[in-house]
Amino acid sequence: MPARQKTLTEFIIQEQRRYPEASGDFTALLNYVRLACKRISFLVGRGALSNLAGGSGAVNVQGEKQMKLDVVANDIFLETSEYGGHLAGMASEEMDDPYPIPPQYPRGKYLLAFDPLDGSSNIDVNASVGSIFSVLLAPDTTRPVTVEDFLQPGARQLCAGYAIYGPTTMLVLTLGNGVHGFTLDRGFGEFMLTHPQMRVPQETSEFAINASNERFWEPPVQRYVTECRAGRSGPREKDFNMRWIACLVAEVHRILVRGGLFMYPKDSKDPSKPGRLRLLYEASPMAFIIEQAGGGASTGRGRVMDVVPDSLHQRVPLVLGSLEEIERIERYHAEHDQGLDLPFSSPLFRERSLFTEE
Ligand code: MN
Ligand code: MN
């Protein structure tokens, strides 16, 4: 008989045994996060049957239209995770301020940051959505949680993961010892280890970017995309394919399985925003996962994991994927900043080039 697949719980216990001093607190916390993801998976899978389709009529702190499921998924994360006594507080895309653990429950030593439903505009068209989470250590557990407690660089994360609600539901996780993927067996409700030690393939011919923002990109990004599009006849000497799922979780998942590059770079569309994606519960956890799988994650000008947040909902430029591509795009940014990338920084080139040239 082939060896039985490990459950997520067994996997976490096995990891915990590598640290004899571990209290088991962390294992218990992850059990609650896993339960939250299962509950959201169930709701998302019910689709229009659950009466939760469409907008909530509200706008979140990001100025984005909230879907009903955004709000419900946020509540599920809160009420599932607050109970166990492992958390000092939580932060979410859908809440302006940190969420303190209610006084009726014991306070623990961890902080949980999450995007309860990533890519939620995909819901109505029945395309993939996900949840993203990140675990930090609370600096002080003797007082209620503050914004400052969460302002730690990604390099301090103890754990990061996401759930993807696609044709199958998967939970993908790093505890700082590689990246492991678990598929939900809907028959008996357990996540099973189906993708041990996921690695980002280094050889790639795919990139993903929202090309409608092209005119707002910086020259290094225009250069990179122009070269990819030039294909075999350009400096890259090979053809590329472009992908765009409009869900960070699904983009990262594809890159873990198939390689490639994902970019939501800095653009000039709204100068008050240095990027689109949020550092604490989108960019940092995904950077941790991609790095643990042998890829890279950059702002274009430095490692995402080293960015120290200055606010709870801070945005950052994000480029992640196969390491060679990350090194290339960082080089293009450096060359641009030193004025070495003419004619790409010439305004004349930018008017004539890219999607308008032929
Ligand atoms: Mn999101
Ligand atoms: Mn979201």
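The manganese ion (ligand 2) takes its protein donors from Glu 93 (OE), Asp 115 (OD) and Leu 117 (O), which lie 2.2 to 2.3 Å from the ion; donors here are N, O and S atoms within 2.8 Å of the metal (3.2 Å for Na, K and Ca), and since water is not among the atoms, sites may look incomplete. This is a predicted model, in which local features need pLDDT of at least 70 and side-chain atom pairs count only at pLDDT 80 or more, while totals for chains, interfaces and linings use all residues. Residues are numbered from 1 along each chain as its sequence is written, chains are lettered from A and ligands numbered from 1 in the order in which they are written, and side-chain values use heavy atoms, with hydrogens and water left out.

Along the sequence, the donor residues of ligand 2 follow the spacing E-x21-D-x1-L. Because Glu 93 sits in the loop between strand E3 (87–92) and strand E4 (99–100), whereas Leu 117 belongs to strand E5 (residues 110–118), the pair ties together parts that are 24 residues apart in sequence; helices (H or I, at least four residues) and strands (E, at least two) are DSSP runs, numbered from the N terminus. Glu 93 and Leu 117 are both buried, that is, under 20% relative accessible area (1.4 Å probe, protein chains only).

The manganese ion (ligand 1) is coordinated at 2.0 to 2.2 Å by Asp 115 (OD), Asp 118 (OD) and Glu 282 (OE), with the sequence spacing D-x2-D-x163-E. Asp 118 lies in strand E5 and Glu 282 in helix H7 (residues 279–292), so this pair ties together parts that are 164 residues apart in sequence. Asp 118 and Glu 282 are both buried. The two manganese ions, ligand 1 and ligand 2, are 3.8 Å apart, and Asp 115 coordinates both.

Note on methods:
Buried means under 20% relative accessible area, exposed over 50%, partly exposed in between (1.4 Å probe, protein chains only).
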